[in-house]
Amino acid sequence: MFSYRHAFHAGNHADVLKHTVLIATLRHLMQKPPSLTLVDTHAGAGLYRLDGDYAETGGEAKDGIVKLMAALRPAQGPAGASTPALDDYLDTVAGFNPSGSLRVYPGSPFVMHQLMRAESRDRLKLFELHPTDSRTLSANIAQLEAGRQISVAREDGFEGLRPLLPPPPSATGSRRALVLIDPSYEIKTDYAKVAGCIQEQIRRFPTGTFLVWYPVIPRPEAHDLPRRLKTLCNQASRPWLNASLAIGQDPTNGPDDRPGLTASGMFVVNPPHTLKSTLQATLPVLLATLGRGRGKGQTLETAGF
Ligand code: SAM
């Protein structure tokens, strides 16, 4: 356990999909003033250096945020066609890189913090188990001086989520929460834990918005996860959205090169009604910009709208 470090993968195509969906969902929820409880069950270190040793080893951002930024926000020459959701995502990342060159990538805790509203008293609850990443996350969050607005716990995020839902009522009495569940799936049991967590939480708090990231890899548990989540939502009469992005094989890879992760998905329980049209416009742009070779593609399915 704990060989996974998100720093090797920060800003890759999976982060691009995940954080674009996260921002689009949050923007919609934040149109209503009552406070939101935000939970990141698997938070990572919070901030990543794209020019650091970890990022250099895998260089995965080159096929993700670096490529997207270069295509849609080139320093010179014409920019490719973007969408409002991608502009929002790129603006968020650019906000962490005031010099103009991409040096820092914001993980989900910082993406969420960027959008939180002090006046609405939004709260952010972060869980990270890895000893080093949890320490780094705490140090990064401390710099924000956000006080009680943000908490960091070195705990199992699946367990830590339990006492947080349903969230406390806002001033107007409504209970609102968005939960990001983004495990590394380093251990096979994570797949079952995600499904069990969704099953339990949509019973405890049926109106919550839950975002689950999952890898698209040739492993039965991974293949089954979106299917199980659809069944759980259908049984509980909850609307859902499932989006995937496959960038395909790297054509420069030789037959003996390991392909790495080439596809992933986001499953959203109780998605905003606008998310489908947002992604209908955005996924083709992501595919056209990040797609590389054999196996590239996108999917978007919804139910219950
Ligand atoms: N959500 C982050 C982002 O988008 O920037 C990336 C998170 S990374 C994919 C998954 C993280 O979960 C790793 O940092 C790993 O150490 C941590 N982790 C693994 N099992 C955990 C658990 N049961 N509870 C909390 N964190 C866990």
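Trainee: Where does helix H9 bend, and by about how many degrees?

Mentor: Let's start with the idea. A bend at a residue is the angle between two axes, one fitted to the seven residues ending there and one to the seven starting there. Here H9 bends by about 25° at Pro226. Helices are DSSP runs of H or I with at least four residues, strands are E runs of at least two, and both are numbered from the N terminus. Please remember that this is a predicted model, where local features need pLDDT of at least 70, side-chain atom pairs count only at pLDDT 80 or more, and totals for chains, interfaces and linings use all residues. Residues are numbered from 1 along each chain as its sequence is written, and side-chain values use heavy atoms, leaving out hydrogens and water.

Trainee: What span should H9 have, and how far apart are its end C-alpha atoms?

Mentor: The expected span of a helix is 1.5 Å times one less than its number of residues. For the 16 residues of H9 that gives 22 Å, and the end C-alpha atoms are 22 Å apart, so the two agree.

Trainee: Is Lys230 buried or exposed?

Mentor: We judge by relative accessible area: under 20% is buried, over 50% is exposed, and in between is partly exposed (1.4 Å probe, protein chains only). Lys230, which sits in H9 (residues 220–235), has a value of 18%, so Lys230 is buried. Other buried residues of H9 include Ala222, Leu225, Leu229 and Cys233. By contrast, Gly196 of helix H8 is partly exposed at 30%.

Trainee: Which residues does Lys230 contact, leaving aside neighbours within four places in sequence?

Mentor: Contact means heavy atoms within 4.5 Å. Lys230 touches Trp240, Asn242, Phe267 and Glu301 in this way. The buried residues of H9 pack against helix H8 (189–204) and against strands S7, S8, S9 and S10.

Trainee: What volume does the second largest pocket have, and which element gives the most to its lining?

Mentor: On a 1 Å grid over the protein atoms alone, a pocket is an open set of points where a 1.4 Å probe fits, with protein on both sides within 12 Å along at least five of seven lines; lining residues have an atom within 4 Å of a point. Points are joined across faces, edges and corners, and the volume is the space filled by probe spheres set on them. This pocket has about 360 Å³. H9 gives the most to its lining, with 5 residues. The lining has 24 residues, and Pro226 is one of those nearest the centre.
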